[in-house]
Structures are given as structure tokens and as C-alpha cells.
Amino acid sequence: MTNVCLRSFRRGIRGALALALLSPAARAVPPPPPLAPLAYQELAPGAIRPDGWLRRQLEAMRDHTTGHLDETYPKLRDDNGWLGGAGDGWEETPYWLDGALPVAHLLHDKALLAKVQRYVNWSLAHQRPSGYFGALTKAERAGGASVAAGPQGEDWWPRMVMLKVLQQHYQATHDARVLPFMTRYFQYQLQNLKTTPLGQWSEWSTTRGGDNLLVVYWLYRQTGAPFLLELGELLYQQTTPWTAYLGGRDWVMDAAANQTGAHWMDRHGVNVAMGLKLPVVYAQAHPADPQYNQALRTGWHDLMTLHGLPHGMFSADEDLHGNLPTQGTELCAIVETMFSLEQAAALTGEIAYLDALERIAYNALPAQTTDDYTDRQYFQVANQVQVARGVLDFTLPFDHGMNNVFGPYAGYTCCTANMHQGWAKFATHLWYATPAQGVAALEYAPNTLVTTVNGTVPVTIREETAYPFGDQVDFVVELKKPTAFPLALRLPAWCAEAIVLLNGQPLRTDWGGQIITVARTWRPHDRLTLRLPMAVRTSNWARNSRTLERGPLVYALKIQEQWQESSLPEEGRYFTILPLSPWNYGLPRAVVDDPAGHTSVISKTLATNTNGFYWNAANAPVTITTTGRRIPAWQLSAGVAPQPVTPRDGVYKGPVDAATETLTFLPYGCTKLRVVALPVVP
Ligand SMILES: [Zn+2]
């Protein structure tokens, strides 16, 4: 559907709904103020066609777990509640769909589309007359009347995830059933939340109400139905006060110091990841009040200062747990933080969230799954020198000690179902539309954008790149005739100076850390080239340790691995990984003082849009070699490598081997065993 069609469609829907929903008295009330304009608008999930390594990644997911979880995972497979059965009617089926549906659209895969469509159709076709939807309740399955009011329903939470699925379904298809369906459900929520609040059945709903609010305001932008703003206020009031937590600072400090069970749901990493979006989502309805956007700025900064790890995520094992490299991060926390940052970017336009998203996507995310996306860890550890069962250094060790091993179900199965949205939504958020009816390339990866500019003019932009492994991104613009539109580009903060060329001729240079706009009349076959020079640098982490970085990638010491397969009756197959080479090295002070002068970057020449799989040690396209010296006292203890201190003068004071050795560092995302935060030695 073109933008013009969409606009007239929206006008039609808006008129119809306004007539249908408003009593005569309400019609006299002046229309509510519109929501604040979006900084960037999401595109339809099918507008971006992944190419190169990104297509390979998504195809691996489609061919394995993402495309087949409903066949292999008994909880989803057997008598599924979201298809009318007595099986899973809670979060895991919507979690899976929240990733599988965009993968189906990104790959234009008919078989996967048909598969996910069954669940969408069942939900749309089985809405109760009251507006309630979802799996049949216990009472309904026992032959009772359909849910008519709040107390007869079940937990609000799984419906929040399904709303995200239905929103994406609408963005991809403009299915005429979706907006009236959501309108009826939100009317039901408005009528029932006062007596049956979010926290009626579970604290998951209370902590995650921001995701519910996100879809309410999205629907308001489609229909303009005024009651949605009233519902928005109610949801905000009933949700965990993330604005006060993020903006107020005591919460994040307390979480760094204290890991008791008191209010643990407010420190649970996945809840925090989802709660991040609440202030900026709510800010849409209160654009004159700067406190909401400021709360996320303050909160994100504090979170990463007190709990941040080199791979771009905060500790979440399961709760916030400080910044030592022995802490873990749950896979759900990664994918939910990515989604919150994708939304924060659209709502605020602030580059800090886009740079943070890139760091997580290209470092933390690929490290936590196997090549075929079938086995994953519940918690990854930053300095992960072995992968094994045990208590390790986590706030929540489950009884089987399976949090750190790779397996399809090891630890807890939320991640088994939720991990699919990570790459899928990163791909659907590579590009956004701009308010000036142009396009913005805000994350870089090989893809082809097929969309419209200036409302109706079709444009195709081929993004040819080996990014994040290569430092050049080419945009080839295909149009029927010359057309003026703005094309915005993110220049990451890590880049000192970006170079832009047009058809091979220098166009401009700019400092990193900003979004620039190239506004001109584009001609068919125009080629815009963006060069983002990647210098080797180091960053500081806990106990004054150092991490090697280059461009968007963080580098970690390569460790030889020995994989062992085992199984446990309760949690199935799992893999342990033992180190076969030493890992207890410090980084010489000379490397820290002059990283570029004391490292060698070895880069395979990758053809643009090369379609290999690169997120493993054997295929890593870029390696960095440098020197290091061993610290004999640095040994494994209780399954982790407790970080030696680099004191404030910058050099470890204990015994260090005399011999200097050559060390190889891999992109963090290509590792399973690694040391990423190194002590500094003489
Ligand atoms: Zn999880």
C-alpha cells in the first residue's frame, strides 16, 4: 500500500471508528491533542530485504529454530493455547511469533508466513464479544461463558506480546481486521483495568506495561480514537514507575549494592530492559514536559556506568548485578533492550540509543547462540573462560546449575522462545522513514530497501557493504526519474571523521556522533559512499581493566575450545566448553598507551554483500594481534575468572611472566570462550 493509500485508509478508519465509538455527548468534546511527532517512523517489516551475511543469519534461523520451534518444542507443539488448545496460552508462543513473523516478512518466505498466519488468524477470529482475546481460560475450556469482564480473564501480560505481533502483522499487510480488533480490546482494558489492574495476576504485567502502552499510542496514531489517551494514562499509572527509577538514580545504585529478594522484579534484567522504553513512550502524550526523555538519558547512562559490560549490555543474571566481567547477561535482556532502543530511536531521534543498539547487536547478541541458532545460553559471561554447569557468579542460579551452558532449553525457556526477535527486529530497524518524507539509514548491514519517498515515489536503495567487518557502506539509489528527497545517515560516535562520496567524488566529511542528512535530487544509479575509518582503541572497564575495540566491534582474546555434549532429563541436550589454551594474560601498558602502534589488524577481503556466516572463531573476518604476558595467579575459581585489579597507576602489581607472547583477538561476537576485559601489565 502506498503512503497516499495508507493516509486515505487511515482517514476512513478514523472516521468510522469515531462514529462507532463515541456517544453523542462525547462527540461534543474538542479533539484531544495529537501525540508528539515521531523523530523517525518504522517501515513495514517487508520493506527491508536483508542481503549478504545478514540474510545468511536470518536464513539459518528460518531453517532451524525460528522456522521450526512449533514442531520441535513440545510446549509450543502440543495442543497450543494460541490455536485454541489447552497447551501454552502464556508468553512463549507470542514470544516466538514476535520474532518468527518479522523473519517471514524479511525473507518473503511463504511457508513461514503461512505458519505464523495461523496463530494471527486464530487470535483475530476468537475475540470475545467483550473485546478480550487470547487462549481460552480454564473456565471457558470447562464450558463456561466467554470472558465478559476483568476478573474472568487471565494475566494481562501474554496479550501484551501478542499485541506487538499483531502490530507488525498490520504494518506488513494492512489486514483490515487488526485496527477494529485492537480498538475493541483496548476498550475492554479501559473498562476493566480500574477494577482488575495490571498486577491482578502477575507482576510481569506491572513491570512490562510499557509494551502495552506502546501499542495503545501506535493505534492512536492510526485511528485518533480519544479513549486511547485515557487508557494510556491508566496504563502508565499502573506500570512500575520506571521514569522515577531511571531519572531518580537511587534505584540503579541500590541494585548495584544489593541483591536481596526485596523488589527483585524491579531489578530483574528483562523487566529493566523492557522498562527502559516507558518514559519515552509516555513522553509522546506529554511533549512539553522534558522529564520523560531526560529520565531515559539519565537512566541509560547510570545503568551502563554501574552495570555495563564491554559487549554493550548491562549485567542481568537474572537481576542487575554490577559491572564485574564475571557477571552474566540473559539472552531475553539483550533482545528486549534492543527492541527498547529501536523504539527510543524512533521516539527521540537520539543517536546515543542507536550507537548502543549497534554495540549490542554486533557484540553481545551473536555470542550467545550457536551457528544454527538452536542452542543458546541463558546467561553469557563477559570474561567467559569456560562454559560449564555451576552456581558461578549469578544472582539467580537455578537448581540444575544450567544457566551458562549452551542448549535449546538450558536454564529457563523464555529465551528459547524470545530470542528470535533480536536479529529480526534489528533487520526491520536498519532504516526508518523521516518526517520530511525521506529515509534514514540508522544501522548498517547489507540489505535492499524498497519503499516510497515524498509520499508516492517508489525508490530502491541497495546497501552494499561488509559492515560491521568492513568500514565502507555504499548506497545505490534506483529511481524511475530524478527525485529530490533527504537521506539521513548515522555517523557513530566511535568514528573520528566520516567521509562521504557521491559517485566517487568527495562530497563532505563530518565528525562522528551525529546524524547527517544528504538532501539533493537523486538520479537513477547514484552511488553514495560512506567511509567510517576504524582505528584500534581501548576502553576502561571494571577494576581498571581494558578492552580492545575497533569500529563497532569489541575484541576478545581467542581461546581454543573443546566442546562436550551431555544431557539432563529435565533440560535436554547441552554443551560444555573447556579451554584448551591459556587465557590468563594481561595487556602490556604500551598497548594501552598506543593501541594503533602496538596492534596489527588482519582483515580478510570480503566482497560486499558476501553471504557467508562470520559469527564464529573459524570464520572471523577480522583479527587483531598484539602482545601479552601471563599472570600466573589469575586462575579459575568456582567456575569464573575473578578479575585481578589494575590499580590506579595503571599496572598490575603481582607477579607476571617474563615472556612476552603474541596474542590473537577475535570480534567478541565470534567467540564462545574469551577474555574481553584484561588487566594491564608492565
Ligand atoms: Zn530469557
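1. A quick cut-off before anything else: a residue counts as buried when its relative accessible area is under 20%. T465 comes in at 0%, so it is buried by that rule. You'll find T465 in strand β7, which covers residues 457-465. From there, look across to F475: the two residues are 10 apart along the chain, and their C-alpha atoms are separated by 8.8 Å. Keep in mind throughout that this is a predicted model.

2. On to the sheet that β7 belongs to. It is an open one with 7 strands, ordered β1-β6-β7-β8-β13-β10-β11, and the pairing is antiparallel. At the edges you have β1 (48-50) and β11 (505-511), each of which pairs on one side only. Going from one strand to the next, the twist averages 20 degrees. If you want one pair to look at in detail, take β10 (residues 497-502) with β13 (residues 526-531): they are antiparallel and share 4 bridges. In that pairing, V500 sits opposite L530 of β13.

3. There is also an open sheet of 4 strands, in the order β4-β5-β9-β12, and here the pairing is mixed. The edge positions go to β4 (431-433) and β12 (514-522); each has a single partner strand, so one side of each has no neighbour in the sheet. The twist in this sheet averages 25 degrees from strand to strand. For a parallel pair, see β5 (residues 439-441) and β9 (residues 483-491), joined by 3 bridges. A440 faces A488 of β9 there. Helix α20 (residues 351-367) packs on this sheet and touches β9 and β12, with its direction at about 65 degrees to that of β9.

4. The zinc site is worth a stop. Which residues coordinate the zinc ion? They are E330 through OE, and C332, C414 and C415 through SG, at 2.1 to 2.3 Å. The geometry is tetrahedral, with angles of 94 to 123 degrees among the 4 donor atoms. For reference, the ideal angle for four tetrahedral donors is 109.5 degrees. Along the chain, the donors follow the spacing E-x1-C-x81-C-C. Why does the pair C332 and C414 tie together parts that are apart in sequence? C332 belongs to helix α19 and C414 to helix α21 (residues 414-418), so the pair links parts 82 residues apart in sequence. Both C332 and C414 are buried.

5. Now the nonpolar interior. The largest nonpolar core has 192 residues, and F186, W300, F314, W423 and W431 have the most contacts inside it. Helix α19 (residues 331-348) supplies the largest share of that core, at 10 residues. Apart from that core lies another, of 8 residues, with Y40, A345, A346 and L354 among them.

6. W423 deserves its own look. Setting aside neighbours within four places in sequence, W423 is in contact with W53, L54, Q57, L58, M61, A361, Y362, L365, P366, Y373 and W615.

7. Last, helix α4 (residues 65-72). Which of its residues are buried? T65, T66, G67, L69 and D70. The elements covering these buried residues include α3 (52-63), α5 (74-77), α6 (92-106), α7 (110-125) and α21. You'll recall α21 from the zinc site, as the helix that holds C414.

Technical notes: Residues are numbered from 1 along each chain as its sequence is written. This is a predicted model: local features need pLDDT of at least 70, side-chain atom pairs count only at pLDDT 80 or more; totals for chains, interfaces and linings use all residues. Side-chain values use heavy atoms; hydrogens and water are left out. Two strands pair if DSSP finds at least two bridges between them. Helices (H or I, at least four residues) and strands (E, at least two) are DSSP runs, numbered from the N terminus. Axes are lines fitted to C-alpha atoms, for helices over the stretch in contact, and angles run from 0 to 180 degrees between N-to-C directions. A nonpolar core is a set of buried Ala, Val, Leu, Ile, Met, Phe, Trp, Tyr and Cys residues joined through side-chain atoms within 4.5 Å. Buried means under 20% relative accessible area, exposed over 50%, partly exposed in between (1.4 Å probe, protein chains only). Contact means heavy atoms within 4.5 Å. Donors are N, O and S atoms within 2.8 Å of the metal (3.2 Å for Na, K and Ca); water is not among the atoms, so sites may look incomplete. Four donors count as tetrahedral if all angles lie between 85 and 135 degrees; four count as square planar and six as octahedral if opposite donors are over 155 degrees apart and all others between 65 and 115; anything else is irregular.
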